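Please open the structure in a viewer and keep the selection panel at hand. The tour below proceeds from one ligand site to a helix and then to a second ligand site.

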Amino acid sequence: MKIVVLVKHVPDAQFDRHLTGQGNTVDRDESILSELDEYALEAALQLSEARGGAKAGNEVIALSMGPAGAVNSVKKSLQIGASSGVHLSDDALAGSDAAATSLALAAAIRSLGPVDLVLTGMASTDGETSLVPAQLAERLGVPQVTFASALELNGTTLTARRDGDGHSDTVEASLPALVSVTDQINEPRYPNFKGILAAKKKKITTLALSDIGIDAGQVGAAGSLTAVETADARPPRTAGTIITDDGDAGIKLVDFLAAQKLL
Amino acid sequence: MAKALVFIDNPGGALKKSSRELLTIARSLGESAVAFNGELHDDVAAAIAAHGATAVYRPSAADLDDYLVAPKAAYLAAAVAAFGADTVLLENSSDGKEIAARLGVKLNAGVITDVVGVDADGTAHKSVLAGAYTTTAKARTAVAVLTVKPNSVDVSQAPASGVLETITVEVPADATASAARITARNERPASGRPELTEARVVVAGGRGVDGDFGPLEELADALGGAVGASRAATDAGWIGHDFQVGQTGKTVSPQLYISAGISGAIQQKAGMQTSKVIVAINKDAESPVFEIADFGIIGDLFKVVPQATEEIKKRKG
Ligand SMILES: Cc1cc2nc3c(=O)[nH]c(=O)nc-3n(C[C@H](O)[C@H](O)[C@H](O)COP(=O)(O)OP(=O)(O)OC[C@H]3O[C@@H](n4cnc5c(N)ncnc54)[C@H](O)[C@@H]3O)c2cc1C
Ligand SMILES: Nc1ncnc2c1ncn2[C@@H]1O[C@H](COP(=O)(O)O)[C@@H](O)[C@H]1O
């Protein structure tokens with residue numbers, strides 16, 4: 001089977017993250033493969049391996065849209081085990097919102113020929129909107145199975161568990177489909193030495209907008225349907241009063257709540 | 001005049017506070033109506049009218065709940081056209097955001113999620129990068145689709161309720177064509193406490209509670225709050241995943257967040273650092289949670305929490 005896994009190159013949340021420039025876009029220095037996409041990659045590798053892996057003709061293609069540095073997230077995916085990579089990169093893509101991103105990603109996926117499954121993370125760790133997977137399903141016209149915390153494939157029938165508020169649902173769809181996975185679904189593997197060596201021989205295709213039939217005006221800040229108008233850094237939270245319990249901290253806590261009118 | 005449509009999905013017998021907030025915002029923008037799915041109880045219809053909506057749109061099909069998201073977006077698109085809405089308001093749940101996402105593609109409309117306020121001109125306020133920035137954003141399209149977080153506005157009713165017109169909207173024939181089917185639904189027992197994302201007080205526990213959420217539940221009940229947890233606590237199976245706060249759990253911004261036995265990892269902070277007041281109880285003075293606490297107690301939660309609960313009960317008589 002042919003699986004496309006979406007991997008986003010995002011600012012490392014361990015560092016301070018910033019909005020910059022006229023469009024208030026995220027500064028992408030210090031970026032890494034979004035940790036939530038590692039679960040999607042792992043799910044793809046498990047599905048492929050259960051069917052005999054690459055030797056049996058299964059393909060796991062890692063696709064990232066982003067500036068030059070995003071190729072590092074594609075490379076990392078190859079080291080972890082994806083069979084090939086695609087980097088969609090074009091200056092005109094800068095500042096794309098979810099609508100523009102999903103438009104470009106849908107066109108890139110279509111350019112890869114028939115695909116059985118598109119796998120994504122539950123949210124990007126920078127945008128945090130969870131809009132892209134649903135929009136991709138809508139644009140590709142395939143069933144959407146989002147927030148899967150367990151996934152099985154029998155023939156061409158997908159069965160997933162989806163945990164909602166106060167209920168857990170079983171969801172079924174047939175391939176081709178789009179699935180987004182949560183961090184409950186598996187334990188992502190790390191790249192090992194063999195994987196790092198093997199990745200050097202794997203192919204990465206770079207696509208520009210002209211390769212996928214999209215005009216510059218349809219994406220980026222120009223093609224986005226929303227615009228961020230102002231961005232104010234929130235003053236960082238500062239530590240308040242810290243006390244050590246001498247046997248009456250519970251009472252002091254209640255005093256504090258009373259003073260704050262929180263009782 | 002602007003026309004705002006609120007999507008209300010299966011409220012059951014009573015309208016949730018978050019829905020009443022959406023209706024309040026809709027009325028502040030102009031003429032308001034509701035796109036409804038599910039059984040419409042009389043009380044709910046009356047509450048919708050009391051908040052100033054003039055019409056309730058209902059789907060021609062009754063099977064929208066048998067599928068994931070897609071047919072609801074198709075129905076909502078038809079309702080937007082029927083009402084002539086220029087703003088659509090949905091709740092900020094995962095379903096709400098995904099229905100908004102697909103509606104945005106169908107209508108070529110800008111979608112803004114995690115909204116905490118809407119100005120009269122449609123400017124939306126939200127915070128991004130785990131609360132590091134507050135931003136304003138605007139849809140550049142004829143229709144704007146906004147998903148609004150709970151506890152964003154004070155609920156108010158219209159000066160007088162009008163007559164509520166009920167209109168059936170034809171759900172497109174192909175709405176379920178390539179949708180995933182929900183084949184089973186397992187309800188989990190409700191806790192009886194307020195909904196985590198709507199609660200004014202959240203008492204959250206982590207690995208430090210060591211399997212026993214009892215003391216935190218008692219404190220939450222004394223404060224009328226909800227119980228939350230870190231991923232370490234949900235992964236350990238001490239409490240359901242529904243209660244996880246953080247990047248891959250719920251985002252909460254209560255008036256008061258009490259964190260007990262939680263170290264304060266970046267993924268945990270992502271879900272709670274816009275809380276108004278943060279209290280942290282942790283044995284380890286070096287825990288990062290103390291960097292963001294308004295009131296921090298270095299101590300054993302099993303001593304501090306029960307003592308606080310007792311004291312609150314005493315003061316409340
Ligand atoms: C992709 C990804 C997503 C994640 N998403 C989330 C998320 O949504 N939410 C989340 O919370 N985490 C999330 N995490 C996990 C996060 O990185 C931390 O591992 C987790 O938050 C740690 O939980 P904790 O603070 O309860 O446990 P620990 O870090 O082990 O901290 C336990 C704390 O309890 C204190 N303690 C112990 N006993 C006592 C006592 N008797 N009294 C007082 N204090 C005591 C200790 O001093 C310690 O500080 C995610 C991680 C990844 C990789
Ligand atoms: N630029 C991108 N490149 C590759 N994948 C992406 C990109 N943007 C979003 N995605 C995928 O869509 C998921 C949800 O993203 P979002 O809708 O931004 O929260 C991510 O976890 C990725 O799998």
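**First stop: ligand 2**

Select Ser130(A) together with ligand 2: a backbone N or O atom of Ser130(A) lies 2.8 Å from an oxygen atom of ligand 2, a polar contact being a pair of N or O atoms within 3.5 Å; within protein, one must be able to donate a hydrogen and the other to accept it, and residues adjacent in sequence count only if both atoms are side-chain atoms. The model is predicted, with local features requiring pLDDT of at least 70, side-chain atom pairs counting only at pLDDT 80 or more, and totals for chains, interfaces and linings using all residues. Residues are numbered from 1 along each chain as its sequence is written, chains are lettered from A and ligands numbered from 1 in the order in which they are written, and side-chain values use heavy atoms, with hydrogens and water left out.

Add Leu131(A), where a backbone N or O atom is 3.0 Å from an oxygen atom of ligand 2. Of the 480 Å² of accessible area that ligand 2 has on its own, the protein covers 97% (Shrake-Rupley method, 1.4 Å probe; for residues, only the protein chains shown count as cover).

Next, display the shell of 18 residues that surround ligand 2, each having a heavy atom within 4 Å of it. Asp37(A) and Met65(A) are among the closest. The element that gives the most to this shell is β6(A), with three residues (strands are DSSP runs of E, at least two residues; helices are runs of H or I, at least four; both are numbered from the N terminus).

**Second stop: helix α3(A)**

Select residues 98-110 of chain A. At 1.5 Å a residue, these 13 residues should span 18 Å, and the end C-alpha atoms are 18 Å apart, so the two agree; the expected span is 1.5 Å times one less than the number of residues. Eleven of the 13 residues of α3(A) are buried, meaning under 20% relative accessible area (1.4 Å probe, protein chains only). Leu105(A) and Ile109(A) are among them. At the N-terminal end, Asp97(A) caps α3(A), with a side-chain oxygen 3.2 Å from the backbone nitrogen of Ala99(A).

**Third stop: ligand 1**

Which chains surround ligand 1? Residues from chains A and B do, so the site is shared between chains. Select Asn282(B): one of its polar side-chain atoms lies 2.7 Å from an oxygen atom of ligand 1. Then select Lys283(B), where a polar backbone atom is 3.1 Å from a nitrogen atom of ligand 1.

Technical notes. Buried < 20%, exposed > 50% of the residue type's maximum accessible area, 1.4 Å probe, protein only.
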